[in-house]
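User: Please take a close look at one helix of this model and at the pocket it helps to line. I would like a connected account rather than a list.

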Amino acid sequence: DSVMPQTIESINHAKAAGVPIIVAVNKSDLPDANADKVLTDLLQHDVQVESMGGSTQAVKVSALTGAGLDELTDAITLQAELLELKANPARPADGTVIESQLDKGRGPVATVLVKRGTLKRGDIVVAGAQWGKVRALVDERGQQLKDAGPSLPVEVLGLDGAPDPGDQFVVVDTEARAREVTEYRVRQKRQVSGKAGAAARASLDQLLSKLKDGSVETSELPVVVKGDVQGSVEAISQSLDKISTDEVRARVIHGAVGGISESDVLLAQSSEAPIFA
């Protein structure tokens, strides 16, 4: 299907986070599949694969037949070895909440990615402003697990509510400690929400004041642009580029059609960029 809007969004997120990219070209089993065209289109977004003289790994895969999945796993393993990504499984678990939902039959369900340690059934977990004792761990195939080690995504059942995506989770020793942590985080969240209108992290007022007092080290301003049509997004991006000067330059880190999504907000927060819509 070539380069889709969600592909561009993922590339922008990876660039903003400063992490490497591995390209998996799906549907390579189709008769009219043209992987070279996809890889060539990626050049427009500064993604140059190894076959074209770049450093980004690319693997042709098929979700239908399973072709190329072993090669993709090898590519991920190689990248992890080059980056020396290691984790200690013999410690209490911590990690990140990927998504969460309220299931009618199971209650609050959080999908988490274990970063360090081993998450076990019966552990007391604090995730964002929620906590609970792990009642069950379920993998992507719907099978229940006794524990989950580093880099393993699992569904966690037993929390008292649905945490927000992006929240950090950690295993604590006692329920009293869990309550103490969650109560503190709830108070902090309320304080931040109350000040959000007047003191946004990347507000234009703050950015202008930083420029005036010289506290901004770089003269480049990251910006997220959203519009109703692609033409408007391109026009705004070009206008921002034209009004750039030697002292200050606007850099559009992501431009797309549609309303402001949670993903846009997360990207803006990580890059300290205002959103123009």
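Analyst: The model is predicted, and the helix chosen here is α3, which covers residues 69-82. At 1.5 Å a residue, its 14 residues should span 20 Å, and the end C-alpha atoms are 20 Å apart, so the two values agree.

Leu72, Ala75 and Gln79 are the buried residues of α3. Viewed down the helix axis, these buried residues fall within an arc of 60°, and therefore line one face of α3. Their cover includes two strands, β1 (22-25) and β2 (57-60). On the face turned away from the buried side, α3 carries the exposed residues Asp70, Asp74 and Glu81. Just past the end of α3, Glu84 has a positive phi of about 55°.

The helix also takes part in the largest pocket, whose volume is about 1300 Å³. This pocket is lined by 33 residues, and the closest to its centre are Val19, Leu85, Thr96, Leu113 and Lys115. Two or more lining residues come from each of α1 (5-17), α3, β3 (94-103), β4 (107-116) and α7 (262-271). Of these contributions, that of α3 is the most, at 5 residues. Sorted by class, the lining of the largest pocket holds 19 nonpolar, 11 polar and 3 charged residues.

The second largest pocket has a volume of about 700 Å³. Elements giving two or more residues to its lining are α1, β1 and α2 (35-41). The strand β1 is thus named twice: in this lining and in the cover of the buried residues of α3.

Terms used
Residues are numbered from 1 along each chain as its sequence is written. This is a predicted model: local features need pLDDT of at least 70, side-chain atom pairs count only at pLDDT 80 or more; totals for chains, interfaces and linings use all residues. Side-chain values use heavy atoms; hydrogens and water are left out. Helices (H or I, at least four residues) and strands (E, at least two) are DSSP runs, numbered from the N terminus. The expected span of a helix is 1.5 Å times one less than its number of residues. Buried means under 20% relative accessible area, exposed over 50%, partly exposed in between (1.4 Å probe, protein chains only). The arc is that of the directions from the helix axis to the C-beta atoms. Contact means heavy atoms within 4.5 Å. On a 1 Å grid over the protein atoms alone, a cavity is a set of points where a 1.4 Å probe fits but cannot get out, and a pocket is an open set with protein on both sides within 12 Å along at least five of seven lines; lining residues have an atom within 4 Å of a point. Grid points are joined across faces, edges and corners, and a volume is the space filled by probe spheres set on the points. Ala, Val, Leu, Ile, Met, Phe, Trp, Tyr, Cys and Pro count as nonpolar, Asp, Glu, Lys and Arg as charged, and the others, Gly among them, as polar.
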